[in-house]
Structures are given as structure tokens and as C-alpha cells.
Amino acid sequence: MSLKRKHLLGLEGVSKEEIFEIFEAAQSMKEILQRPIKKVPTLQGVTIANLFFENSTRTRLSFDLAARRLSADVINFTSSGSSISKGETLKDTARNIEAMKIDAVVVRHHASGVPKFLSEVLKSNIINAGDGAHEHPTQGLLDIFTLKEKFGEIKGLRVCLIGDIAHSRVARSNIEGLKTLGAEISICGPATLLPREIESLGVKIFYNLDEALKNADAINVLRIQQERMESERFPTLREYQHLFGITNERLTKLNKKIIVLHPGPINRDVEISADVADGEHSLILDQVENGVAIRMAVLFLICTNKQN
Amino acid sequence: MKKPILKNINADGENFSTILDSISFDKTLKRISHEIIEKKSDSDTLAVIGICTRGETLAKRITENLKSLTQKEIPFGILDITLYRDDVRTSLNQPHLKRTEIYFDINNKKIILVDDVLFTGRTIQAALNALRDLGRAKSIELCVLIDRGHREIPIKADYVGKNIATSKKDSIIVKVKEIDGEDIVILKNER
């Protein structure tokens with residue numbers, strides 16, 4: 001049993017066995033991160049290029065660190081300050097970077113489908129670090145891994161994704177992965193932020209937050225992506241916060257322990273209140289810690305796949 | 001008294017010999033445990049680490065033996081060397097990661113490193129590199145159930161259950177009760 005793929009472009013089509021293989025490897029990687037010397041020689045001689053055409057803190061640092069923990073060499077590219085501003089095309093940029101003899105490319109781009117495109121024009125392994133509103137597979141994996149650590153089992157677990165589903169690649173990757181592992185998935189948010197025909201993915205829809213919370217064991221609170229909203233989807237942030245913001249008051253009313261995830265970065269006191277984000281329900285920092293382990297596992301499994 | 005080695009030939013003309021049966025298997029582990037105690041009179045800093053997967057089982061049994069011989073707690077750990085293998089990107093199969101579980105501080109411990117078969121020595125080299133990343137042990141000694149020769153790097157065992165002469169193409173099959181349902185070591189001659 002192994003991860004039989006050259007690229008990780010999304011969680012769509014990734015089997016249960018593959019996800020568990022990644023989780024098992026991530027578990028071993030977590031042990032390495034607890035050591036005094038947090039480094040293993042596994043990917044010595046492998047060069048990984050991080051191509052970030054869009055801003056990122058967590059994902060870029062996390063991939064960077066994951067590669068270094070495995071002793072790979074890393075080059076980092078960000079589009080600001082690069083030749084993109086001189087009009088170089090994506091294909092040319094990527095091909096030129098590959099000509100410097102790299103083995104794997106981690107790519108983030110504001111356009112959906114860029115990782116797929118790169119997988120067609122490059123020989124390297126491609127790992128999607130978020131493309132437009134399409135997928136962000138390693139985020140989906142680390143969210144589900146964090147839930148699995150907490151609950152032991154994903155099958156039958158009731159997970160609700162809350163907020164801006166329409167613009168969210170995190171939501172899509174979570175839905176694909178959770179569906180594969182047999183979770184009961186629901187979504188909740190203002191109708192303007194829920195994609196049309198989302199029911200076809202097999203998720204339940206709630207328009208009322210308290211209803212949604214009542215029917216969930218864990219929630220994944222998504223960021224309001226103001227940079228991706230071409231038109232006003234709701235009147236004010238204040239109204240959004242009133243109707244869909246996760247607050248301690250709301251959670252206390254439930255009389256049950258509910259687990260709260262957030263992929264970051266947080267708009268404090270918009271989609272989630274500061275006291276919840278820092279409180280006992282929150283696994284937000286566990287997600288960040290697990291993120292490095294998951295990315296180490298993905299890099300390890302992709303870069304050691306002999307069929308490549 | 002020396003036991004006769006039992007030979008069997010199966011339908012494919014492959015030649016099987018039993019190197020250790022369940023009784024001699026157990027006796028061998030007991031003998032090794034005694035040797036360790038004899039050599040390491042100060043058992044306070046002793047610790048046993050087994051290499052996944054068969055080495056782990058053998059190490060666990062040796063630890064139990066040492067505990068009953070010394071009446072002391074002996075720390076026990078499991079080492080997975082997959083991430084340290086020098087062929088991790090060149091061998092045929094995609095490696096499957098197992099778990100390293102060493103929950104004690106190895107600094108200043110006298111480590112007994114246990115594996116089932118000593119062959120090229122590369123596994124042990126990887127294990128030594130892995131241990132170095134976990135701290136500075138006082139000493140590391142190697143204990144193997146079978147030494148079959150054909151070293152590719154200069155590594156030598158301190159405690160050996162049984163030395164056997166093999167050809168490079170032979171294979172040694174070690175089975176243990178905990179995983180395979182029986183304790184046995186078989187030498188398979190390839191024709």
C-alpha cells in the first residue's frame with residue numbers, strides 16, 4: 001500500500017488507503033518534530049521549489065520547514081519582486097525554474113487549475129498549496145488529521161464547515177477528504193456564500209448557525225475572504241458576525257463540547273471571536289503543528305515514489 | 001549437545017534448513033541476555049532498543065529477560081530506520097513508514113541495539129545515524145539473533161545468537177510468535 005501518484009493536485013479522487021498512508025507517515029513525522037534534533041536525512045539531494053504567486057504565511061513556512069526537516073534543499077519564489085512583473089508567463093517562469101534542476105514544485109496560485117497545468121508542462125512532482133477556489137489538499141489533510149487525532153475515527157463524525165464556502169478551496173478539500181473517509185458533512189453560511197448545487201457533493205445545508213452547531217461534533221470555521229469578493233455578498237461584517245460568528249456564548253448554550261478548527265488567518269471577532277480562537281474548544285495551533293507533519297509526509301511519499 | 005540441522009526440499013527444488021527451532025530460539029535469547037548482564041555489571045544505565053519489526057519483538061523479550069535477571073526497570077524503545085536508509089530513493093518499493101517510539105532520554109545510556117539478522121550492515125549504519133539524532137548515548141552495542149556475513153560496511157555485532165555461513169543469494173527467514181505465530185529461523189537456499 002502506498003501513495004501511488006506523482007502529484008498531489010487535490011483530494012478529489014484520493015482513496016481512503018492513500019489518505020491513511022499519509023496519516024501514518026505524518027504520525028512518524030510528528031515524532032521527529034518532538035526531538036531535540038528535528039531533522040532526518042531522508043531527502044538529501046532533493047531540491048524543492050516553493051512557487052507562491054499569492055500571499056501566504058502558514059502554508060509557505062510550513063512547506064519550507066517540512067522540506068528542510070527532511071534535509072531537502074529549498075528555493076522560495078514569490079511573485080512580488082519577480083520577473084512576473086516584467087511580463088514573463090507562468091509557463092516560462094516555471095520552465096526556467098525547473099531548468100535549475102529541481103525535483104518537486106509546491107505551487108500556490110490565485111487561479112484554479114495552475115497546479116494541473118504545471119503537471120502537464122513540467123517533469124517535476126507538483127504539490128498543490130492552494131489554487132484559486134479549487135483545492136488546498138494539504139490543508140484538508142491536516143484538518144482531517146487533527147480531527148482524527150481528537151476523535152480517533154472520522155467515519156460517522158459530524159463535521160460542519162461554516163462561512164464562506166463559495167470562495168474556499170479549504171472547504172472543497174475538506175469535503176472531498178471527509179467524504180472519502182465517511183464523515184457526515186454539513187455546511188452553514190449566508191446563502192450568497194454557499195456555492196450553487198453544493199448538495200450534489202452530498203452535504204447538508206444549514207442557513208441557521210445554532211441549528212448547524214446542534215448537529216455537529218466539530219466545526220471548521222472558514223475565513224471571510226474579502227479579497228476574493230467581487231461584489232458585496234452580505235451587508236456588513238457586523239451583521240455577518242451577529243448571524244454567523246462563532247462566540248463563546250453560542251457554544252456554551254449547546255451544553256456539549258464541540259471542537260473548533262480554523263485554517264487561518266483569522267479575522268478576529270468576525271467569523272470567530274477571540275475568546276473562542278484562544279479557548280478550550282480550539283485546536284487551531286494543533287492544526288498548525290500537524291501542518292508541518294502532514295507536509296513532511298506528503299513530500300516524503302511523493303518524492304520517494306519510484307514510479308515517478 | 002549440538003542439534004542436527006533439519007533439511008527439507010520443497011516442490012520447487014528450494015532447500016530449507018531450520019537454523020533455530022522454538023526451543024533453541026528461546027534458549028539463544030536467554031543466553032544473550034545473560035551475556036549482556038555479565039558484561040554490563042552496572043545495569044542502572046542499561047537500555048534496549050529494537051529495530052522495526054522483528055528486532056523490536058526480540059528486543060522486547062530480551063528486555064523482559066534482563067528485568068527478571070536484574071530485578072530492575074530496563075527502558076525499552078523501538079526504532080524505525082526507514083527515514084535513514086541510504087536506498088530510500090533508489091530501492092524498488094516505496095518505503096512504508098513505521099513508528100519510532102523511544103520515550104526515554106538516551107543521553108548517557110548504555111544502549112543495546114537489537115536486530116534479527118545482520119547482513120550487509122546498512123540497516124545498522126542507518127540505526128546508528130538515527131540514534132545519533134536522538135542524543136549522545138554513553139555506549140551502543142549491537143545484538144543480533146543471526147549473523148549471516150557479507151558485510152558491505154565495517155560493522156560488527158557484540159552479541160550474536162548464531163553465526164551461519166550463507167551465500168549472498170540465500171535468504172534467512174525469522175519468524176516470531178508475536179507476529180507469525182511461531183518462533184523459528186529458516187535458511188532458504190536459492191538454486
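User: Let's start with helix α1 of chain A. Which elements do the buried residues of α1(A) pack against?
Analyst: This is a predicted model, so everything here is read off predicted coordinates. The buried residues of α1(A) include A:Ile19, A:Phe23 and A:Met29. As a group, the buried residues of α1(A) pack against α2 (58-69), α5, α6 and α11 of chain A.

User: Okay, and how far does α1(A) reach from its first C-alpha to its last?
Analyst: Start with the length: α1(A) has 18 residues. At 1.5 Å a residue, the expected span is 26 Å. The model comes close to that, with a reach of 25 Å.

User: α11 is on that list of partners. Are α1(A) and α11(A) parallel, antiparallel, perpendicular or oblique to each other?
Analyst: Two packed helices are described by the angle between their axes and the distance between the axes. Here α1(A) and helix α11 (residues 284-303) of chain A have axes 8 Å apart, at an angle of about 120°. An angle over 115 but not over 145 degrees falls outside the perpendicular and antiparallel ranges. That is why α1(A) and α11(A) count as oblique.

User: What sort of residues make the contact of α1(A) with α11(A): nonpolar, polar or charged?
Analyst: On the α1(A) side you'll find, among others, A:Ile22, A:Ala25 and A:Met29, and on the α11(A) side A:Val292, A:Ala297 and A:Phe300 are among the residues they meet. Two residues of the contact are charged and no residue is polar. The other 13 are nonpolar.

User: Now α6 of chain A. Is α6(A) largely enclosed or largely open?
Analyst: Helix α6 (residues 169-180) of chain A has 12 residues. Of those 12, 10 are buried, A:Val170, A:Ile175 and A:Leu178 among them. Their packing partners include α1 (16-33), β4 (125-131) and α5 (137-151) of chain A. With 10 of 12 buried, α6(A) is largely enclosed by the rest of the structure.

User: Which residue with a positive phi follows α6(A)?
Analyst: Look just past the helix in chain A. The residue there has a phi near 85°. That residue is A:Gly182.

User: What about residues other than glycine: is A:Lys101 buried, partly exposed or exposed?
Analyst: Phi of A:Lys101 is positive too, near 65°. A:Lys101 lies in the loop between α3 (90-98) and β3 (104-109) of chain A. A residue with 12 or fewer other C-beta atoms within 10 Å counts as exposed. A:Lys101 has 8, so A:Lys101 is exposed.

User: And A:Asp269: buried, partly exposed or exposed?
Analyst: Phi of A:Asp269 is near 65°, and A:Asp269 sits in the loop between β9 and α10 of chain A. A count of 20 or more would make a residue buried, and 12 or fewer would make a residue exposed. A:Asp269 has 16 other C-beta atoms within 10 Å, so A:Asp269 is partly exposed.

User: Which peptide bond in the loop between β9 and α10 of chain A is cis?
Analyst: The proline to look at is A:Pro265, which lies in the loop between β9 (259-261) and α10 (274-277) of chain A. Omega is near -10° for the cis bond leading into A:Pro265. The bond runs from A:Gly264 to A:Pro265.

User: Over to chain B. Where is B:Thr53, the residue after the cis bond from B:Cys52?
Analyst: The peptide bond from B:Cys52 to B:Thr53 is cis, with omega near 0°. To place B:Thr53, look between a strand and a helix of chain B. B:Thr53 is in the loop between β3 (46-51) and α2.

User: How do α1(B) and α2(B) cross, left-handed or right-handed?
Analyst: The axes of α1 (residues 22-39) and α2 (residues 54-70) of chain B come within 9 Å and cross at roughly 55°. That angle is why α1(B) is oblique to α2(B). B:Leu29 and B:Ile36 of α1(B) and B:Leu58 and B:Ile62 of α2(B) are among the contact residues. The handedness of the crossing is right-handed.

User: Last one: is B:Arg148 buried or exposed?
Analyst: B:Arg148 lies in the loop between β6 (139-147) and β7 (159-163) of chain B. Beyond its neighbours within four places in sequence, B:Arg148 has contacts including B:Val117, B:Phe119 and B:Ile172. There are 22 C-beta neighbours inside 10 Å, so B:Arg148 counts as buried.

Notes:
Residues are numbered from 1 along each chain as its sequence is written. Chains are lettered from A and ligands numbered from 1 in the order in which they are written. This is a predicted model: local features need pLDDT of at least 70, side-chain atom pairs count only at pLDDT 80 or more; totals for chains, interfaces and linings use all residues. Axes are lines fitted to C-alpha atoms, for helices over the stretch in contact, and angles run from 0 to 180 degrees between N-to-C directions. Helices (H or I, at least four residues) and strands (E, at least two) are DSSP runs, numbered from the N terminus. Angles under 35 degrees count as roughly parallel, over 145 as roughly antiparallel, 65 to 115 as roughly perpendicular and the rest as oblique. A crossing is left-handed if the near helix is turned anticlockwise from the far one by less than a right angle, and right-handed if clockwise. Two residues are in contact if their C-beta atoms, placed from the backbone, lie within 7 Å. The expected span of a helix is 1.5 Å times one less than its number of residues. Ala, Val, Leu, Ile, Met, Phe, Trp, Tyr, Cys and Pro count as nonpolar, Asp, Glu, Lys and Arg as charged, and the others, Gly among them, as polar.
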